[in-house]
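I opened this notebook to record what I looked up in one protein structure. The entries follow the order in which I worked.

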Amino acid sequence: MEELTKSTGWNTEVLTSFSVHDKICEPHHDVYALYISLFLCVGLVVSYLPQHYRIISNKTSEGFSAWFLLLGVVSATSSFLNIILLQWDAITCCSMLSTGSCLESLMGVFQIGLQWFMFCIIFALFLLYFPEELKHAPHKPSSLHLDLPRGVERSAEWKISLGIAVTCVVHLVASVIVTAVLLKVVGGPEHYATNLWASILGILSMILAAFQYLPQIWKTWHRKTVGALSIPMMLLQTPGSALFVYSIATRPGTNWTAWITYMVTGILQGTLLVMCIAWHYRSKRLGIDEIHSTEEDEPSERTALLNASE
């Protein structure tokens with residue numbers, strides 16, 4: 001070691017850093033974890049397709065809570081950047097590994113990235129297929145504007161939805177900039193500042209995920225109809241949450257902040273699923289349009305019985 005140091009001019013600290021980097025870049029092959037990850041990636045795409053199809057085929061996103069989508073997008077973005085930071089060493093090691101080993105080591109990043117992308121598509125479809133009749137507030141005549149046509153003013157719900165879209169974009173851009181600057185200037189997760197930012201993103205994602213489904217659960221309960229929500233999507237995703245958590249937790253370099261989000265989300269999604277199934281069969285029993293109906297438009301069960309008796 002001394003001769004090598006003298007002949008090359010490198011000190012022992014540099015050589016030690018190279019040896020540590022080589023050790024980090026050693027491929028970790030876990031065939032079971034790999035198959036689970038591949039299965040989950042395919043399952044993620046398949047599970048989201050019924051929701052995308054339901055919105056597009058019915059040409060409406062009625063029944064979705066904009067606050068649910070805000071919390072979901074920001075949480076998914078934070079979680080995606082969190083695992084990129086935590087697995088930055090694995091990402092930089094790809095140049096030293098074969099293509100197969102590289103892809104295997106980054107399956108956790110692909111999974112969460114895919115989850116983020118598929119959920120963002122739902123948000124985009126929510127805005128694209130937002131009910132036209134709900135975009136405009138009915139005009140209330142006043143002494144100053146008696147000649148204004150009806151429906152020219154944006155509704156409060158549509159204003160909130162547009163504001164939420166701007167918030168999601170601003171959060172994405174700001175978070176990406178901070179992450180890129182830390183990785184470029186400070187370094188990977190072994191540095192305190194980078195690890196702290198990763199933990200902040202992970203904890204933020206966890207907190208938002210804990211509250212994400214509450215606005216949607218409240219809105220679905222209040223409407224007493226399924227709306228544009230897809231029951232098949234939730235039937236596929238809720239059981240898959242346990243496998244997803246296991247797959248992320250077994251990835252090298254990750255900690256609890258990377259997978260706790262999906263455990264909390266799975267529990268809350270299961271609650272929404274049970275509610276949607278109950279409202280689905282209620283709508284069928286009462287002959288209600290489960291997408292467009294609201295609580296005010298629906299007949300009560302007593303009214304339905306009276307109509308049947310007539």
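**Entry 1: a lysine and its partner**

I began with lysine 135, which counts as buried because its relative accessibility is 14%, under the 20% cut-off. I then looked for its partner and found that the side chains of lysine 135 and glutamate 132 meet in a salt bridge, 3.6 Å from N to O. I note here that the model is a predicted one.

**Entry 2: the other salt bridges**

How many salt bridges does a search of the whole structure find? The search gives 4. One of them joins arginine 54 to glutamate 290, with the closest N and O atoms 3.3 Å apart. Arginine 54 belongs to helix H3 and glutamate 290 to the loop between H11 and helix H12, so this pair ties together parts that are 236 residues apart in sequence. Are these two residues buried or exposed? Both arginine 54 and glutamate 290 are buried.

I next examined arginine 223 and glutamate 62, whose side chains form a salt bridge at 3.6 Å, N to O. This pair also links distant parts of the chain, since arginine 223 is in helix H9, glutamate 62 is in the loop between H3 and H4, and their positions lie 161 residues apart. Arginine 223 counts as buried at 7% relative accessibility, and glutamate 62 is buried with a relative accessible area of 10%.

**Entry 3: the chain as a whole**

I counted the elements of secondary structure and recorded 12 helices and 2 strands. Read from the N terminus, the order is α-α-α-α-α-α-α-β-β-α-α-α-α-α. The protein chain has 310 residues, of which 45% count as buried.

**Entry 4: helices H3 and H9**

Helix H3 covers residues 31-58 and reaches 42 Å between its end C-alpha atoms, close to the 40 Å expected at 1.5 Å a residue. Where does H3 bend? The bend, about 25°, is at leucine 49, and proline 50 follows within four residues. The buried residues of H3 include Leu40, Leu44, Tyr48 and Ile55. Just after H3, lysine 59 has a positive phi of about 55°.

For H9, with 32 residues, the expected span is 46 Å, and the 47 Å between its end C-alpha atoms agrees with this. I found a kink of about 25° in H9, centred on alanine 209. Lysine 224, just after H9, takes a positive phi of about 60°.

**Entry 5: the nonpolar core**

I then turned to the largest nonpolar core, which has 62 residues; Phe64, Leu69 and Phe123 touch the most other members. Several helices each supply at least two residues of this core, among them H3, H7 and H9. Which helix gives the largest share? H4 does, with 13 residues.

I also looked up leucine 125, which is in helix H7 and is buried with a relative accessible area of 10%. Its C-alpha atom is 7.0 Å from that of isoleucine 55, although the two residues are 70 apart along the chain.

**Entry 6: a nonpolar surface patch**

Last, I looked at the surface. A nonpolar patch there, with about 640 Å² of accessible area together, is formed by eight residues listed by name: Val169, Leu172, Val173, Val176, Ile177, Val181, Val185 and Val186. Valine 173 is found in helix H8 and is partly exposed, with a relative accessible area of 46%.

Methods. Residues are numbered from 1 along each chain as its sequence is written. This is a predicted model: local features need pLDDT of at least 70, side-chain atom pairs count only at pLDDT 80 or more; totals for chains, interfaces and linings use all residues. Side-chain values use heavy atoms; hydrogens and water are left out. The expected span of a helix is 1.5 Å times one less than its number of residues. The bend at a residue is the angle between axes fitted to the seven residues ending there and the seven starting there. Buried means under 20% relative accessible area, exposed over 50%, partly exposed in between (1.4 Å probe, protein chains only). Patches are made of residues with over 30% relative accessible area and no salt bridge: like charges are joined within 9 Å, nonpolar side chains (Val, Leu, Ile, Met, Phe, Trp, Tyr) within 5 Å. Accessible areas come from the Shrake-Rupley method with a 1.4 Å probe; for residues, only the protein chains shown count as cover. A nonpolar core is a set of buried Ala, Val, Leu, Ile, Met, Phe, Trp, Tyr and Cys residues joined through side-chain atoms within 4.5 Å.
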